[in-house]
Amino acid sequence: MIIYNITANVDLEIVEDWLLWMKEEHIPKVLETKLFVSATINRIISNSDSGSTYAIAYKSKSLADLQKYETLFATDLRNEYNIIVLSEEELYFEDPTYM
């Protein structure tokens, strides 16, 4: 198994909405590619962070599957992640570490 790990530091003001979006929208879309067998999202405890830091670990059967994901799907899914602009009562977030 190969672990593809993404780390995101999320502003405390939007963390609940971000988690909901990750669990209900983004992670399922990544898994729909069929190039990962599972995904977990875990909070990282650190004294140096502002906001909340999360590690998203996607399990792939092979390096070839991970490379296929990077080639065929990663750019569009990263762009979607980085361009979330919602209405007045909703949120905007952009995580430059994910780019």
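## Exposure and the salt bridge

A residue is called buried when its relative accessible area is under 20%, exposed when that value is over 50%, and partly exposed in between. In this predicted model, Glu70 has a relative accessible area of 30%, so Glu70 is partly exposed. Arg78 falls in the partly exposed class too, because its relative accessibility is 21%.

What joins the side chains of Glu70 and Arg78? The two meet in a salt bridge, with 2.9 Å from N to O. The count of salt bridges in the model comes to one.

## Overall layout

The protein has 99 residues, and buried residues make up 35% of them. Its secondary structure consists of three helices and five strands. Along the sequence these elements follow the pattern β-α-β-β-α-α-β-β.

The surface that the protein exposes is about 6,400 Å², and carbon and sulfur atoms supply 51% of that area. Contacts can also be sorted by how far apart the partners are in sequence. Of the contacts with a separation of 6 or more, 64% are between residues 24 or more positions apart.

## The nonpolar core

The largest nonpolar core contains 22 residues. Within this core, the residues with the most contacts are Trp18, Met22, Phe36, Tyr58 and Tyr69. Several elements contribute: β1, α1, β3 (52-60), α2 (63-72) and α3 (74-82) each supply at least two residues of the core. Which element gives the largest share? The answer is α1, from which seven residues come.

Met22 shows what such contacts look like for a single residue. Setting aside neighbours within four places in sequence, Met22 is in contact with Ile27, Pro28, Ile41, Ile56, Tyr58 and Tyr81. One of these partners, Tyr58, is also listed among the core residues with the most contacts.

## A loop residue: Asp11

Asp11 lies in the loop between β1 (2-10) and α1 (15-31). Is Asp11 buried, exposed or partly exposed? Its relative accessibility is 45%, so Asp11 counts as partly exposed.

How far apart are Asp11 and Gly51 in sequence and in space? In sequence, 40 residues separate Asp11 and Gly51. In space, their C-alpha atoms are 4.5 Å apart.

Methods. Residues numbered from 1 in each chain as written. Predicted model: local features only at pLDDT ≥ 70, side-chain atom pairs only at ≥ 80, totals over all residues. Heavy atoms only, no water. Helix = DSSP H or I, 4+ residues; strand = E, 2+ residues; numbered from the N terminus. Buried < 20%, exposed > 50% of the residue type's maximum accessible area, 1.4 Å probe, protein only. Contact = heavy atoms within 4.5 Å. Areas by Shrake-Rupley, 256 points an atom, 1.4 Å probe, with all protein chains shown as cover. Salt bridge = Lys/Arg side-chain N within 4 Å of Asp/Glu carboxyl O. Core = buried A, V, L, I, M, F, W, Y, C linked by side-chain atoms within 4.5 Å.
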